[in-house]
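This report invites the reader to examine one molecular structure step by step. Please keep the sequence and the three-dimensional view at hand while reading.

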Amino acid sequence: MTLLDTPRKHGDASDGGAIGARLSRLDGKLKITGAATYALEQPVDGLAYAVLVPATIGAGRVARIDVAAAKAAPGVRLILTPDDDLGLQPATDWNNVRASDGPYVPLPRDIAYNGQPVALVVADSLEQATEAARRLAIAYEEGPVTPGLDSPNAGEGSPLDQLSVAWGDAEAALAAAPVRVEAEYHTPREYHAAMEPHGLIARWEGDRLTVWEPSQWTHSMARSYAEWFGLPPENVRLVSPFVGGGFGSKGFSYGFGAIAAAAARRLGRPVKLAVTRPQNFAAYGGRAATRQSLALGATEDGVLQAIVLRGASETSTVGTWVEQVGAATPLMYAVPNFSARQRLVAVNTVTPGALRAPGKTPSAFAIESAIDELACAVGADPLEIRLRNYAEEDPQARKPWSTRRMREALAEGAEAFGWARRSREPRSMRDGHQLIGWGLATGTFPVIRNYGEALVRILADGSAEVVTGATDIGQGTYTILAQTAAEALGIPFERIDVRLGDSALPGAPVAGGSKLAGVMTGAVQKAAIAARDELIALALNDPNSPFRDTGANTLILADGRISAPRGDGPVVSVGELLGRIGRERIEVRRDTLPDHLQTPEGRFRAWTTMTTVQGPTAGDYSMHSWCAHFVEVRVDEDFGTIRVARMVSAFDCGRLYNPKLAESQWKGGIIMGIGMALLEEGLVDSRNGRVINNNLGDYLLPTNADVPDIRVIDVGIPDPHASALGGKGVGEVGIVGVAPAIANAVFHATGRRVRRLPITLDALV
Amino acid sequence: MSSPRTIRFTLNGEPVSATIMPHETLVDVLQHRFDLRGARESCGQGLCGCCTVHVDGKPVSGCLFLAVFADGARVDTVEGLARGDALDPVQEAFIEAGAFQCGFCTPGFVMMVKQLLKEHPEPTDEEVRHYLTGNLCRCSAYPEILDAVKLASARQAEAARRA
Amino acid sequence: MKAFTYQRAGSAEDAARLAAHPGAMLLAGGTTLLDLAKCGVAEPDMLVDIGHISGLDAIAVDAGGATIGALAKMSAVADHAGMRAAFPAVAESLSQAASAQLRNMATIGGNLLQRTRCPYFRDPAAFPACNKRDPGSGCAAIGGVTRNHAVLGTSEACIATYPGDLAVALVAFDAAVRLGGRTIAVEEFFLVPGDTPAREHAIGPGEMITAVAIPASPAARRSTFLKVRDRQSYEFAAASAAVGLELGPDGRTIRDLRVALGGVATVPWRCRAVEDALKGTLLEPESVRAASRLAVEGAVAQADNAHKIDLAPRLVARAILSLGGLA
């Protein structure tokens, strides 16, 4: 029996059960008819409109702003500048640390990056605010600009010692290795570019604030607003039932939100701030640019002896964001000697942030390109070299994998792709003017665990409701939570309603780190089982219940009906039973917090910070999602244009709660990876630090025509260590490894090794 | 000073009028005067397709289309597709194929696919990919959108055969 | 976008009269003007809508050539069977441009007059220096990020690329622009920047484009438009080529050849040197590739765009050879 013949239990609907079924989106009809209301579309009476005014210098300070002409413009209600004391206090960060050194100033006089807000203008209409903003006379004192990571004046930055990883003696082993490959890899600034731009509506009623703002984390963002304004947490409600894409950008409140909410408070009138598309490139940060010097030492057979990584990433001069370039490097291959260090370089940019698979994505670009270079150096097949260096346990943590079906991913991906027919030599496959290249790379994303809370109601009509403050940014929270409740309650999926996206609802962690599904299915299952048990207890014990005298000691709920296990007693619908026993509803609220967090402080911390997160190696195992991408590219030999012609990707993400939605996440990640490989780059003017392609005409996202046939294959099995229901994360792993797979394919097609993303035609002409 | 004007047009089959400012775009007017929010601005440059509506039977970018241009025209939006509870076949196909995630761009895609299937009832994959290049989906449900177009096309052909 | 007044012109004369108001601008499909108004480049006080002037949207194709009204929509011309037969390069230039939505809105006249995508031109708040917007203020693009800037027809005052595709096809086939009573060759209509980059067209006060006329020719009938860009679609060209080829009765001798480049020059760029070198010669890959290099004679690269100088001749050669059945 070969590996592929092993009977596999995916835990999906084919194994029986509502979880794992390929159901369509619960929120599909609302979205497809235009009825889903996104944050800025919320109808709020009496709105005033705000316009953000960004700095046009890269560094320095605002010398003065003459507001007279703007103030005199028609309809203008309020102008805020660095001259205004907004009276805000700092908010707690995700590590639960709150700065104590003075006020929070979202409109500072000192300019740290081009695009930093320097004023807010509020008027009765958007056009009036826009016109008045143009009349502001802003005088700057310009300072020297450090535009980017590779700028001559950027320097080496400072070491991040806490990220240093080492075992064995990597430098010595590298020096002694018979085969060495060493190169420098670069990734640029990249942007989330969600179709829904950022912005908010802020409305005050006395000292209570309601904020409609797209959010991946309602509870934490509400906390920020409460702390800025010195309010008790319960006085702020952040509402975000639908989110037009987040990809990491909508997990936090930003300065523009504080400024707009402060304006609304001063005016005593609700304020709407729509961050313009160009401003979306500086109002919050995208993925930081990175640089990695990576050396592999190996035997002549390509068996790794040493990996040495020296990386750097950029951050801003006013905040710290670490794009961890060593995130994937130590996990992918068995290696006896390893050393990774990273430096952080402060430049004049908005503080970068989390963009789909932060760290893992640039990290995989380097290690997965380098292993391909090693395969070429020793004359090995790129698939074979990955098997030769297969990591049987976590090489860093020295813990067993919970599940790692990378061999299966490689085998099944290769089979579906036809990898065995690949010719080894570069430039050896062509079709007319097109050079054909086949490339392979793998990816990973950690399993991150946390806690959640949900409320489940069984209603008098026999339907049920799931309520939690978690958000659905398109990944499918509405749907999988309904599936979870349906399965636990024995009530059909169609009769489950789900309410999400409101900080006034039960607690939930950020929709980020590919953990929300695992966390919240666990919480909903717990609440739903408790609700079911309560209903059964009532059915067995209530004097008016038809089951009271049946002698059964438990009952079965299925298809919305209750019956005794032996099937010879009464069968009544859930609604009928509630009617007979005179109950309007059964309502149960449950969380998955451990005992030590069952305090008001612990709960608050769990829902609003990252301090309760458990990493992939917190327990006895090392837990990660895995994938292998196989790519065919076609490169025009004259023009250097690159077309991804087809892809096959195989994934191990544990159990899939809804394969239709999971596959869509995988493909979405893959396509974002195609953008990263071939199109996406923030272009920065070196003189003033401005991102000059700050619009969707010049910052190129993949379109339909750039997307090939993509086949995704599920090789996962339920992972009981990863989550309550056995799933690992699906949202981020898909992007990891796509760019190196394409770069490796481009090398195979052309013989040109491109180590700087994106790979554009000018690198190949 | 610019002054308001009154325009009259047919909106999803109903005659309507609105008093608008000359600088207002069609998507502004649909959102703010008619509470129709399916067409929405995203790129602001007419290249992402989120604001796609039909004017006199042709899809246009509502964010670059002055509302005054709609005077006397027939305007159709995603909100006009369903008949009561019965979704349009294109809408049904989008749901079944899982052709969206966040849903923000989806009404624009649906309006574009309506026109695509009118012009090319049985489009090839390449025709679909190129016809829809004026619509961006950052969630990148593009493969599923292609599936949805094929599904809607097949159903349309089947319905035509039966009729 | 700032507020403006709106006037509807009933006739070309009416439009000319209204356009004489200070701050007035003509508006047809609106796609360029509204885009520029949103980024603060265009600041009209009054828009004069010429879209309702009757008789300006006709497309007529006969044995002598084509006449396209200035208000014909891009989509109408791209899909016109007569145009596709007699001028495939022209139809292809339109169908590869913009998006289906914009092609339904934008007019032929407006398409010719579209402004450069130079990011420095389009960001007046951050880059006040732009000789196109503000003569004498300088050029922020020079010394900036120049990957998409021109290598041909540049000056020390301006390196902005002409962004359009249609005009490239028109200039290849000796088309002319009608400005009411006056007609001017497309090649002369577009002005290289020189010292006066703000003046982009030979269009006089009170004039507007009323039609485009393209003479028929065998080369136009056997023509193609090739466009190279990073993204598969909806992107302005890294380089484009409109090429028409007429072979002699032997099927091998080049009788007529038309070559024009887009995406690499400050104006639609006719490549007569390539045409002259190849006319009368046998169609051979070697000679075509050699002659195609003449397309970029005199090119000047900026820091980031030297690849265009390599790319453009390859595009020309591919187009010629593919029309001749050799590629």
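The following sections treat strands, helices, a buried proline, the nonpolar cores and a contact between chains. The model described here is predicted.

**Strand 16 of chain A and its partners**

Strand 16 of chain A spans residues 337–347 and is mostly covered, since eight of its eleven residues are buried. Three pairings of this strand are set out in the table.

| Partner strand in chain A | Sense of pairing with strand 16 | Bridges | Example of residues standing opposite |
|---|---|---|---|
| Strand 7 (residues 158–159) | antiparallel | two bridges | A:Ser158 and A:Leu344 |
| Strand 8 (residues 165–167) | antiparallel | three bridges | A:Val165 and A:Ala340 |
| Strand 15 (residues 304–316) | parallel | eleven bridges | A:Val308 and A:Ser339 |

Strand 15 of chain A thus runs parallel to strand 16 of chain A, whereas strand 7 of chain A pairs with strand 16 in the antiparallel sense. Strand 8 of chain A likewise runs antiparallel to strand 16. As general background, the side chains of a regular strand alternate between the two faces of the sheet.

**An open sheet in chain C**

In chain C, five strands form an open sheet in the order 4-5-8-6-7, with antiparallel pairing. Why do strand 4 and strand 7 of chain C each have one side without a neighbour in the sheet? Strand 4 (59–62) and strand 7 (182–185) stand at the edges, and each has a single partner strand, so one side of each is left free of a neighbour in the sheet. On average, neighbouring strands of this sheet are turned by 15 degrees against each other, direction ignored.

Within the sheet, strand 6 (residues 176–179) and strand 8 (residues 211–215) of chain C are joined in the antiparallel sense over three bridges. One residue pair illustrates this: the bridge partner of C:Ala176 is C:Ala213, which belongs to strand 8 of chain C.

**A covered helix in chain A**

Helix 5 of chain A covers residues 218–228, and eleven of its eleven residues are buried. Among the buried residues are A:Arg223, A:Glu227 and A:Trp228. Against which elements do the buried residues of helix 5 of chain A pack? They pack against strand 11 (208–212), strand 12 (236–239), helix 6 (255–267) and helix 13 (600–608) of chain A. Just after helix 5 of chain A, A:Gly230 adopts a positive phi of about 65 degrees.

**A buried proline in a loop**

A:Pro506 lies in the loop between strand 21 (496–499) and helix 11 (516–541) of chain A. Is A:Pro506 buried or exposed? A residue counts as buried if 20 or more other C-beta atoms lie within 10 Å of its own. A:Pro506 has 23 other C-beta atoms within 10 Å and is therefore buried.

When its neighbours within four places in sequence are left aside, the contacts of A:Pro506 include A:Glu453, A:Val467, A:Gly469 and A:Arg589. A:Pro506 and A:Arg589 are 83 residues apart in sequence, yet 8.1 Å apart in space from C-alpha to C-alpha.

**Two packed helices in chain C**

Two packed helices are described by the angle between their axes and the distance between the axes. For helix 12 (residues 285–292) and helix 13 (residues 307–323) of chain C, the axes come within 8 Å and cross at roughly 145 degrees. This crossing of helix 12 and helix 13 of chain C is right-handed. C:Pro285, C:Val288, C:Arg289 and C:Ser292 of helix 12 meet C:Pro313, C:Val316, C:Ala317, C:Ile320 and C:Leu321 of helix 13. By class, the residues of this contact comprise seven nonpolar, one polar and one charged.

**Nonpolar cores**

C:Val316 appears again in the largest nonpolar core, which has 419 residues; C:Val316 is among those with the most contacts inside this core, as are A:Ala50 and A:Ile742. Helix 11 of chain A gives the most to this core, with eleven residues. Apart from this core lies another, of seven residues, including A:Leu149, A:Ala312, A:Val345 and A:Val347. Leaving aside neighbours within four places in sequence, C:Val316 is in contact with residues including C:Ala241, C:Val259, C:Cys271 and C:Ser292.

**Where chain A touches chain B**

In the contact between these chains, 43 residues of chain A touch 43 residues of chain B. On the side of chain A, helix 1 (28–32) and helix 14 (659–678) each supply at least two residues. The largest share, seven residues, comes from helix 14 of chain A. This side of chain A has 19 nonpolar, 15 polar and nine charged residues.

Technical notes
Residues numbered from 1 in each chain as written. Chains lettered and ligands numbered in written order. Predicted model: local features only at pLDDT ≥ 70, side-chain atom pairs only at ≥ 80, totals over all residues. Pairing = 2+ DSSP bridges. Helix = DSSP H or I, 4+ residues; strand = E, 2+ residues; numbered from the N terminus. Axes fitted to C-alpha atoms, helices over the stretch in contact; angles between N-to-C directions. Buried ≥ 20, exposed ≤ 12 C-beta atoms within 10 Å, placed from the backbone. Contact = placed C-beta atoms within 7 Å. Nonpolar A, V, L, I, M, F, W, Y, C, P; charged D, E, K, R; others polar. Left-handed = near helix turned anticlockwise from the far one by under 90°. Core = buried A, V, L, I, M, F, W, Y, C linked by C-beta atoms within 7 Å.
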